[in-house]
Amino acid sequence: MRTLEKGQVCSGTVSSVSDVDALVDLGGFDGLLRTPEVSWNRREVPLDQVLRVGQDVTVTVLDGDVDRDWLTVSLRSLQDDPFREFARTHPGLVVPGRVTKVASIGVFVRVHDHVEELLPASELPEREGGDLPLAIGDVLVVEVAEINLDRRRVKLLLRDVG
């Protein structure tokens, strides 16, 4: 444990898995692997269906305290960030997107494998009674008007309802 430092990449073996986290044995010391640090994908399945006890993994040390015997690790930090790739290739493009959630403030639209953003209600065509005219699974054509890398936000504008 004393040789592990923040940012260090190391190999380990998954020693236990729950719905919300896993422990990775790093040679006699367990590092806590929280669900958000497993992948850039949003978890839609239990963690124990993604990782298994005995699985070899390579992780990055995120944080820790030797004196208090705790360490957090990440698998995700070793994967390419799909949002950064999207930001590099999509500014100003008009792309199809699929509605993933309908809320009173608008609809959430998946415009890329790992990029989902709110299309505000003000961008949507009005409908009698004030209901939003879209449902989960509907396809829209949206413009990627603005990308903020620091906040990991995308401003979408509606171009067409498919």
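Among contacts in the protein chain between residues at least 6 apart in sequence, what percentage join residues at least 24 apart? The figure is 55% for this chain, and it can be kept in mind while selecting the residues below, in a model that is predicted.

**The whole chain**

Begin with the entire protein chain selected and shown as a cartoon, where the secondary structure comes to one helix and 10 strands. Followed from the N terminus on, the elements run β-β-β-β-β-α-β-β-β-β-β. The chain is more spread out than a compact globule, because its radius of gyration is 20 Å, well over the 15 Å that the globule rule gives for 162 residues. If you turn the view along the principal axes, the C-alpha atoms fill a box of roughly 65 × 30 × 25 Å.

Next, switch on the surface, whose accessible area for the protein chain comes to about 9,900 Å², with 45% of that belonging to carbon and sulfur atoms. Of the 162 residues, 33% count as buried. Colouring by charge will bring out 19 positive and 28 negative side chains, and the centres of these two sets lie 2 Å apart.

**The loop between S3 and S4**

Now hide the surface and select Ser39, which is found in the loop between strand S3 (30-34) and strand S4 (56-65). Is Ser39 buried or exposed? With a relative accessible area of 14%, Ser39 counts as buried, because the cut-off for that word is under 20%. Once its neighbours within four places in sequence are left aside, the residues in contact with Ser39 are Arg76 and Gln79, so display those two side chains as well.

Stay in the loop between S3 and S4 and move the selection to Gln55, which also lies there. Gln55 is buried, its relative accessible area being 17%. Apart from its neighbours within four places in sequence, Gln55 is in contact with Gly12, Thr13, Val14 and Val50.

**The helix**

From the loop, go on to helix H1, which covers residues 82-89 and holds Phe83. The side chain to show here is that of Phe83, a buried residue with a relative accessible area of 5%. Not counting residues up to four places away in sequence, Phe83 touches Val115, Ile147, Asn148, Leu149, Arg152, Arg153 and Val154. For a view of distance, draw a line from the C-alpha atom of Phe83 to that of Pro125, which is 42 residues apart from Phe83 along the chain and separated from it by 28 Å.

**Strands S6 to S9**

The next selection is strand S6 (residues 94-103) together with strand S7 (residues 106-112), which pair in the antiparallel sense over five bridges. How many residues lie between S6 and S7 in the hairpin that they form? There are two residues between these strands. At the pairing of S6 and S7, Ala103 stands opposite Gly106 in S7, while the bridge partner of Val102 in S7 is Val107.

Keep S7 on display and add strand S8 (residues 115-120), which runs antiparallel to S7 and is joined to it by six bridges. S7 and S8 likewise form a hairpin, with two residues between them. Look again at Gly106, since Gly106 stands opposite Pro120 in S8 as well as facing Ala103.

Return to S6 and add strand S9 (residues 139-148), with which S6 pairs in the antiparallel sense over five bridges. To find this pairing in the viewer, select Gly97, which stands opposite Leu140 in S9.

**Last stop: strand S10**

Finish at Leu157, whose place is in strand S10 (residues 153-161). Which residues is Leu157 in contact with, leaving aside its neighbours within four places in sequence? They are Leu119, Glu123, Val141, Val142, Glu143 and Ala145. One of these partners is Val141, and a line drawn from C-alpha to C-alpha shows Leu157 and Val141 to be 8.7 Å apart in space, although they are 16 residues apart in sequence.

Key: Residues are numbered from 1 along each chain as its sequence is written. This is a predicted model: local features need pLDDT of at least 70, side-chain atom pairs count only at pLDDT 80 or more; totals for chains, interfaces and linings use all residues. Side-chain values use heavy atoms; hydrogens and water are left out. Helices (H or I, at least four residues) and strands (E, at least two) are DSSP runs, numbered from the N terminus. Buried means under 20% relative accessible area, exposed over 50%, partly exposed in between (1.4 Å probe, protein chains only). Contact means heavy atoms within 4.5 Å. The radius of gyration is taken over C-alpha atoms; the globule rule is 2.2 Å times the number of residues to the power 0.38. Accessible areas come from the Shrake-Rupley method with a 1.4 Å probe; for residues, only the protein chains shown count as cover. Lys and Arg count as positive and Asp and Glu as negative; His and the chain ends are not counted. The place of a charge is taken as NZ of Lys, CZ of Arg, CG of Asp or CD of Glu. Two strands pair if DSSP finds at least two bridges between them.
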